[in-house]
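Hi,

Here is the model I promised to pass on. Have a look, and my notes are underneath.

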2 protein chains.
Amino acid sequence: MEKLEGIIFYTIDKAIKTYRQFAQKRLYEAGLEITIDQWLVMQALTEKPDISQNEIAEKVFKDAASVTRIIDLLIKKKYLERKMHDSDRRRFHLEVTSVGKTLMKDIAKVVAQNRAIALHDVTQEELGMLRDTLTVIINNCKTN
Amino acid sequence: MEKLEGIIFYTIDKAIKTYRQFAQKRLYEAGLEITIDQWLVMQALTEKPDISQNEIAEKVFKDAASVTRIIDLLIKKKYLERKMHDSDRRRFHLEVTSVGKTLMKDIAKVVAQNRAIALHDVTQEELGMLRDTLTVIINNCKTN
DNA sequence: ATGATTTAGTTGATATATCAATTATTGTCC
DNA sequence: GGACAATAATTGATATATCAACTAAATCAT
(Lines give C-alpha, C1' and ligand atoms only; values in the text may rest on other atoms or scores of the structure.)
Protein backbone atom coordinates (compact mmCIF):
# COMPACT_ATOMS: atom_id res chain seq x y z
CA MET A 1 0.00 0.00 0.00
CA GLU A 2 1.21 3.39 -1.06
CA LYS A 3 2.05 5.84 1.72
CA LEU A 4 -0.47 8.52 2.63
CA GLU A 5 1.68 11.33 1.26
CA GLY A 6 1.51 9.82 -2.20
CA ILE A 7 -2.27 9.63 -2.30
CA ILE A 8 -3.99 12.50 -4.09
CA PHE A 9 -7.09 12.32 -1.89
CA TYR A 10 -4.92 12.82 1.13
CA THR A 11 -3.57 16.01 -0.46
CA ILE A 12 -7.06 17.22 -1.38
CA ASP A 13 -8.18 16.59 2.19
CA LYS A 14 -5.16 18.45 3.54
CA ALA A 15 -5.80 21.41 1.24
CA ILE A 16 -9.42 21.90 2.19
CA LYS A 17 -8.72 21.41 5.90
CA THR A 18 -5.82 23.85 5.84
CA TYR A 19 -7.95 26.43 4.05
CA ARG A 20 -10.88 25.96 6.40
CA GLN A 21 -8.70 26.39 9.47
CA PHE A 22 -7.10 29.46 7.96
CA ALA A 23 -10.44 30.99 6.96
CA GLN A 24 -12.11 30.17 10.27
CA LYS A 25 -9.25 31.68 12.23
CA ARG A 26 -9.42 34.89 10.24
CA LEU A 27 -13.19 35.17 10.70
CA TYR A 28 -12.71 34.69 14.41
CA GLU A 29 -9.91 37.27 14.57
CA ALA A 30 -12.14 39.76 12.76
CA GLY A 31 -14.65 39.33 15.59
CA LEU A 32 -17.20 37.60 13.34
CA GLU A 33 -19.12 35.02 15.36
CA ILE A 34 -19.89 32.40 12.76
CA THR A 35 -18.49 29.09 11.60
CA ILE A 36 -17.67 28.31 7.99
CA ASP A 37 -20.51 25.80 7.87
CA GLN A 38 -22.99 28.31 9.26
CA TRP A 39 -21.78 30.83 6.69
CA LEU A 40 -22.37 28.31 3.89
CA VAL A 41 -26.00 27.98 4.93
CA MET A 42 -26.42 31.76 5.20
CA GLN A 43 -24.84 32.18 1.77
CA ALA A 44 -27.16 29.60 0.20
CA LEU A 45 -30.12 31.49 1.68
CA THR A 46 -28.78 34.81 0.45
CA GLU A 47 -28.40 33.47 -3.07
CA LYS A 48 -31.89 31.94 -3.14
CA PRO A 49 -34.17 33.35 -0.43
CA ASP A 50 -36.99 30.87 -1.06
CA ILE A 51 -34.76 27.81 -0.82
CA SER A 52 -35.93 24.87 1.30
CA GLN A 53 -33.84 23.20 3.99
CA ASN A 54 -33.49 20.10 1.84
CA GLU A 55 -32.25 22.19 -1.06
CA ILE A 56 -29.76 23.90 1.23
CA ALA A 57 -28.53 20.50 2.34
CA GLU A 58 -27.96 19.45 -1.25
CA LYS A 59 -26.24 22.69 -2.13
CA VAL A 60 -23.77 22.61 0.75
CA PHE A 61 -23.26 18.81 0.70
CA LYS A 62 -24.76 18.24 4.09
CA ASP A 63 -27.40 15.99 5.55
CA ALA A 64 -30.87 17.44 6.14
CA ALA A 65 -30.32 16.68 9.83
CA SER A 66 -27.15 18.75 9.93
CA VAL A 67 -28.91 21.64 8.23
CA THR A 68 -31.74 21.54 10.76
CA ARG A 69 -29.24 21.86 13.60
CA ILE A 70 -27.14 24.54 11.93
CA ILE A 71 -30.29 26.59 11.30
CA ASP A 72 -31.32 26.13 14.95
CA LEU A 73 -28.02 27.74 15.95
CA LEU A 74 -28.35 30.55 13.40
CA ILE A 75 -31.79 31.32 14.80
CA LYS A 76 -30.44 31.29 18.35
CA LYS A 77 -27.85 33.81 17.19
CA LYS A 78 -30.62 35.96 15.65
CA TYR A 79 -29.19 35.77 12.13
CA LEU A 80 -32.26 33.88 10.84
CA GLU A 81 -35.97 33.51 11.52
CA ARG A 82 -38.23 30.58 10.74
CA LYS A 83 -41.58 31.75 9.34
CA MET A 84 -44.60 30.01 7.89
CA HIS A 85 -44.36 28.98 4.27
CA ASP A 86 -47.08 30.38 2.04
CA SER A 87 -48.15 27.24 0.24
CA ASP A 88 -46.57 24.24 2.00
CA ARG A 89 -47.06 23.77 5.70
CA ARG A 90 -44.33 21.11 5.87
CA ARG A 91 -41.74 23.72 4.96
CA PHE A 92 -40.49 26.88 6.59
CA HIS A 93 -39.74 30.20 5.04
CA LEU A 94 -36.29 31.12 6.32
CA GLU A 95 -35.63 34.83 6.61
CA VAL A 96 -32.25 36.45 7.03
CA THR A 97 -32.62 39.13 9.72
CA SER A 98 -31.14 42.59 9.34
CA VAL A 99 -28.46 41.57 11.84
CA GLY A 100 -27.77 38.59 9.61
CA LYS A 101 -27.55 40.77 6.52
CA THR A 102 -25.11 43.14 8.16
CA LEU A 103 -23.00 40.23 9.30
CA MET A 104 -22.92 38.75 5.80
CA LYS A 105 -21.67 42.05 4.40
CA ASP A 106 -18.90 42.22 6.98
CA ILE A 107 -17.95 38.63 6.25
CA ALA A 108 -17.78 39.23 2.51
CA LYS A 109 -14.67 41.36 2.86
CA VAL A 110 -12.83 38.84 5.02
CA VAL A 111 -13.81 35.98 2.73
CA ALA A 112 -12.56 37.84 -0.34
CA GLN A 113 -9.24 38.51 1.39
CA ASN A 114 -8.97 34.88 2.48
CA ARG A 115 -9.35 33.68 -1.08
CA ALA A 116 -6.88 36.19 -2.42
CA ILE A 117 -4.27 35.08 0.11
CA ALA A 118 -4.96 31.37 -0.39
CA LEU A 119 -4.77 31.67 -4.18
CA HIS A 120 -1.72 33.91 -4.30
CA ASP A 121 0.50 32.91 -7.24
CA VAL A 122 -2.14 30.57 -8.67
CA THR A 123 -2.91 31.57 -12.25
CA GLN A 124 -6.36 31.60 -13.83
CA GLU A 125 -5.25 28.75 -16.05
CA GLU A 126 -4.15 26.63 -13.11
CA LEU A 127 -7.40 27.41 -11.35
CA GLY A 128 -9.35 26.29 -14.41
CA MET A 129 -7.44 23.03 -14.63
CA LEU A 130 -7.87 22.44 -10.92
CA ARG A 131 -11.61 22.86 -11.32
CA ASP A 132 -11.76 20.62 -14.40
CA THR A 133 -9.84 17.78 -12.81
CA LEU A 134 -11.89 17.93 -9.61
CA THR A 135 -15.08 17.89 -11.68
CA VAL A 136 -13.96 14.71 -13.43
CA ILE A 137 -13.29 13.10 -10.04
CA ILE A 138 -16.67 14.23 -8.71
CA ASN A 139 -18.45 12.68 -11.69
CA ASN A 140 -16.47 9.45 -11.39
CA CYS A 141 -17.58 9.12 -7.77
CA LYS A 142 -21.24 9.79 -8.30
CA THR A 143 -22.89 6.69 -6.89
CA ASN A 144 -26.51 6.81 -8.00
CA MET B 1 -20.46 38.13 -3.47
CA GLU B 2 -19.76 35.43 -5.97
CA LYS B 3 -22.07 32.42 -5.97
CA LEU B 4 -20.95 29.25 -4.25
CA GLU B 5 -20.62 27.34 -7.53
CA GLY B 6 -17.96 29.77 -8.70
CA ILE B 7 -15.76 29.38 -5.65
CA ILE B 8 -12.90 26.94 -6.01
CA PHE B 9 -12.92 25.97 -2.33
CA TYR B 10 -16.53 24.95 -2.71
CA THR B 11 -15.49 22.63 -5.55
CA ILE B 12 -12.58 21.21 -3.56
CA ASP B 13 -14.94 20.57 -0.65
CA LYS B 14 -17.43 18.91 -2.95
CA ALA B 15 -14.75 16.69 -4.49
CA ILE B 16 -13.38 15.37 -1.21
CA LYS B 17 -16.85 14.84 0.25
CA THR B 18 -18.05 13.03 -2.85
CA TYR B 19 -15.00 10.78 -2.81
CA ARG B 20 -15.32 10.06 0.90
CA GLN B 21 -18.96 9.09 0.57
CA PHE B 22 -18.16 6.92 -2.41
CA ALA B 23 -15.22 5.24 -0.67
CA GLN B 24 -17.09 4.74 2.60
CA LYS B 25 -20.05 3.20 0.84
CA ARG B 26 -17.83 0.74 -0.99
CA LEU B 27 -16.02 -0.26 2.20
CA TYR B 28 -19.36 -0.85 3.85
CA GLU B 29 -20.67 -2.84 0.91
CA ALA B 30 -17.55 -5.02 1.04
CA GLY B 31 -18.48 -5.85 4.65
CA LEU B 32 -15.50 -3.97 6.08
CA GLU B 33 -16.46 -2.45 9.41
CA ILE B 34 -14.31 0.64 9.49
CA THR B 35 -14.69 4.33 8.76
CA ILE B 36 -12.36 6.28 6.50
CA ASP B 37 -11.06 8.21 9.48
CA GLN B 38 -10.37 5.06 11.44
CA TRP B 39 -8.59 3.62 8.41
CA LEU B 40 -6.39 6.73 8.20
CA VAL B 41 -5.22 6.14 11.78
CA MET B 42 -4.60 2.44 11.11
CA GLN B 43 -2.66 3.32 7.97
CA ALA B 44 -0.47 5.84 9.81
CA LEU B 45 0.30 3.13 12.39
CA THR B 46 1.04 0.58 9.68
CA GLU B 47 3.46 2.95 7.98
CA LYS B 48 5.28 3.83 11.21
CA PRO B 49 4.60 1.34 14.01
CA ASP B 50 6.33 3.38 16.70
CA ILE B 51 4.38 6.58 15.93
CA SER B 52 2.88 8.54 18.86
CA GLN B 53 -0.74 9.65 19.05
CA ASN B 54 0.31 13.26 18.58
CA GLU B 55 2.28 12.34 15.48
CA ILE B 56 -0.73 10.46 14.13
CA ALA B 57 -2.86 13.54 14.72
CA GLU B 58 -0.44 15.69 12.75
CA LYS B 59 -0.21 13.18 9.95
CA VAL B 60 -3.95 12.80 9.45
CA PHE B 61 -4.81 16.48 10.13
CA LYS B 62 -6.78 15.76 13.25
CA ASP B 63 -6.81 17.02 16.79
CA ALA B 64 -5.09 14.93 19.48
CA ALA B 65 -8.51 14.64 21.13
CA SER B 66 -10.06 13.17 17.99
CA VAL B 67 -7.22 10.67 17.70
CA THR B 68 -7.69 9.56 21.31
CA ARG B 69 -11.34 8.81 20.64
CA ILE B 70 -10.75 7.11 17.29
CA ILE B 71 -8.14 4.88 18.90
CA ASP B 72 -10.57 4.06 21.72
CA LEU B 73 -13.00 2.77 19.09
CA LEU B 74 -10.32 0.84 17.21
CA ILE B 75 -9.38 -0.86 20.48
CA LYS B 76 -13.01 -1.66 21.22
CA LYS B 77 -13.17 -3.28 17.76
CA LYS B 78 -9.99 -5.29 18.59
CA TYR B 79 -8.00 -3.85 15.70
CA LEU B 80 -5.51 -2.18 18.07
CA GLU B 81 -4.00 -2.65 21.53
CA ARG B 82 -2.53 -0.04 23.84
CA LYS B 83 0.67 -1.28 25.47
CA MET B 84 3.30 0.27 27.69
CA HIS B 85 5.92 2.35 25.94
CA ASP B 86 9.51 1.23 26.56
CA SER B 87 11.09 4.53 27.44
CA ASP B 88 8.32 7.11 27.98
CA ARG B 89 5.55 6.41 30.43
CA ARG B 90 3.44 9.28 29.12
CA ARG B 91 3.08 7.52 25.79
CA PHE B 92 1.51 4.28 24.67
CA HIS B 93 2.84 1.74 22.26
CA LEU B 94 0.01 1.08 19.85
CA GLU B 95 -0.03 -2.38 18.35
CA VAL B 96 -2.04 -3.48 15.35
CA THR B 97 -3.59 -6.86 16.23
CA SER B 98 -3.58 -9.78 13.82
CA VAL B 99 -7.28 -9.10 13.22
CA GLY B 100 -6.33 -5.52 12.42
CA LYS B 101 -3.62 -6.60 10.02
CA THR B 102 -5.96 -8.94 8.17
CA LEU B 103 -8.53 -6.19 7.93
CA MET B 104 -5.99 -3.76 6.52
CA LYS B 105 -5.04 -6.24 3.82
CA ASP B 106 -8.67 -6.72 2.83
CA ILE B 107 -9.19 -2.97 2.76
CA ALA B 108 -6.16 -2.40 0.55
CA LYS B 109 -7.88 -4.00 -2.43
CA VAL B 110 -11.06 -1.97 -2.08
CA VAL B 111 -9.10 1.25 -1.57
CA ALA B 112 -7.04 0.61 -4.70
CA GLN B 113 -10.21 0.02 -6.71
CA ASN B 114 -11.83 3.15 -5.30
CA ARG B 115 -8.91 5.28 -6.42
CA ALA B 116 -8.83 3.70 -9.86
CA ILE B 117 -12.52 4.41 -10.34
CA ALA B 118 -12.32 7.94 -8.95
CA LEU B 119 -9.31 8.80 -11.12
CA HIS B 120 -10.58 7.23 -14.32
CA ASP B 121 -9.63 9.39 -17.31
CA VAL B 122 -7.36 11.60 -15.20
CA THR B 123 -3.85 11.60 -16.68
CA GLN B 124 -0.62 11.47 -14.71
CA GLU B 125 0.08 14.97 -15.88
CA GLU B 126 -3.25 16.28 -14.66
CA LEU B 127 -2.70 14.52 -11.36
CA GLY B 128 0.70 16.17 -11.01
CA MET B 129 -0.72 19.60 -11.71
CA LEU B 130 -3.58 19.01 -9.29
CA ARG B 131 -1.07 18.13 -6.61
CA ASP B 132 1.15 21.11 -7.38
CA THR B 133 -1.68 23.64 -7.28
CA LEU B 134 -3.07 22.22 -4.05
CA THR B 135 0.40 22.36 -2.51
CA VAL B 136 0.66 26.06 -3.35
CA ILE B 137 -2.71 26.67 -1.69
CA ILE B 138 -1.68 24.68 1.38
CA ASN B 139 1.48 26.73 1.76
CA ASN B 140 -0.39 30.00 1.26
CA CYS B 141 -2.74 29.08 4.11
CA LYS B 142 -0.12 28.00 6.60
CA THR B 143 -0.77 30.25 9.56
CA ASN B 144 2.11 29.72 12.01
C1' DA C 1 18.57 18.07 42.95
C1' DT C 2 14.39 20.75 42.86
C1' DG C 3 11.21 23.97 40.92
C1' DA C 4 9.42 25.49 36.40
C1' DT C 5 8.32 24.34 31.82
C1' DT C 6 7.17 21.29 28.25
C1' DT C 7 5.13 17.24 26.38
C1' DA C 8 1.68 13.09 25.89
C1' DG C 9 -2.54 11.98 26.44
C1' DT C 10 -7.44 12.37 28.33
C1' DT C 11 -11.87 14.53 29.29
C1' DG C 12 -15.77 17.86 28.88
C1' DA C 13 -18.38 20.97 26.09
C1' DT C 14 -20.17 22.27 21.80
C1' DA C 15 -20.58 21.88 16.59
C1' DT C 16 -21.08 18.95 12.80
C1' DA C 17 -21.89 14.27 9.94
C1' DT C 18 -24.59 10.34 9.07
C1' DC C 19 -28.10 6.98 9.45
C1' DA C 20 -32.55 5.43 10.97
C1' DA C 21 -36.94 6.27 12.74
C1' DT C 22 -40.70 9.48 13.33
C1' DT C 23 -44.31 13.25 12.46
C1' DA C 24 -46.91 16.17 9.67
C1' DT C 25 -48.28 17.36 5.32
C1' DT C 26 -48.89 16.87 0.41
C1' DG C 27 -49.55 14.27 -3.82
C1' DT C 28 -51.20 10.17 -6.36
C1' DC C 29 -54.17 6.76 -7.92
C1' DC C 30 -58.03 4.15 -8.46
C1' DG D 1 -62.48 11.04 -1.69
C1' DG D 2 -59.90 7.81 0.88
C1' DA D 3 -55.88 4.66 1.20
C1' DC D 4 -51.15 4.88 0.11
C1' DA D 5 -46.90 6.72 -1.25
C1' DA D 6 -43.78 10.62 -1.35
C1' DT D 7 -41.84 14.73 0.74
C1' DA D 8 -40.12 18.30 4.51
C1' DA D 9 -38.36 18.54 8.56
C1' DT D 10 -37.11 16.83 13.24
C1' DT D 11 -35.06 13.76 16.67
C1' DG D 12 -31.97 10.15 18.64
C1' DA D 13 -27.75 7.64 18.41
C1' DT D 14 -23.05 7.40 17.32
C1' DA D 15 -18.68 9.27 15.14
C1' DT D 16 -15.79 13.07 14.49
C1' DA D 17 -13.73 18.19 15.10
C1' DT D 18 -12.16 21.69 18.01
C1' DC D 19 -10.98 24.19 22.03
C1' DA D 20 -9.91 24.48 26.82
C1' DA D 21 -8.81 22.50 31.09
C1' DC D 22 -6.57 18.85 33.26
C1' DT D 23 -3.14 14.88 34.87
C1' DA D 24 1.06 12.62 34.76
C1' DA D 25 5.55 12.28 33.31
C1' DA D 26 9.74 14.01 31.25
C1' DT D 27 13.00 17.75 30.57
C1' DC D 28 15.22 22.00 31.52
C1' DA D 29 17.52 25.46 34.22
C1' DT D 30 19.87 27.06 37.68
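Below is what turned up, starting with the two chains and moving on to the DNA.

Quick housekeeping: residues are numbered from 1 along each chain as its sequence is written, and chains are lettered from A and ligands numbered from 1 in the order in which they are written. This is a predicted model, with local features needing pLDDT of at least 70, side-chain atom pairs counting only at pLDDT 80 or more, and totals for chains, interfaces and linings using all residues, while side-chain values use heavy atoms and leave out hydrogens and water.

First, the symmetry. Chain B superposes on chain A by a rotation of 180 degrees with 0.0 Å of shift along the axis, RMSD 0.0 Å (least squares on C-alpha atoms of residues with pLDDT of at least 70 in both). The two copies are thus related as by a two-fold rotation axis. In chain B, the C-alpha nearest that axis belongs to Leu130(B), at 2.9 Å.

Leu130(B) also sits in the helix pairing: α6(A) meets α6(B) through residues including Leu130(A), Leu134(A), Leu130(B) and Leu134(B) (contact means heavy atoms within 4.5 Å; helices are DSSP runs of H or I, at least four residues).

Now DNA strand C. Of the 24 residues around the strand, Thr35(A), Gln53(B), Thr68(B), Arg69(B) and Arg90(B) come nearest (near means a heavy atom within 4 Å). A base oxygen lies 2.7 Å from a side-chain N or O atom of Arg90(B), and another such contact, at 3.3 Å, involves Arg90(A) (polar contacts are N or O pairs within 3.5 Å). α4(A) gives the most to this surface, five residues.

Cheers

Terms used:
Helices (H or I, at least four residues) and strands (E, at least two) are DSSP runs, numbered from the N terminus. A polar contact is a pair of N or O atoms within 3.5 Å; within protein, one must be able to donate a hydrogen and the other to accept it, and residues adjacent in sequence count only if both atoms are side-chain atoms.
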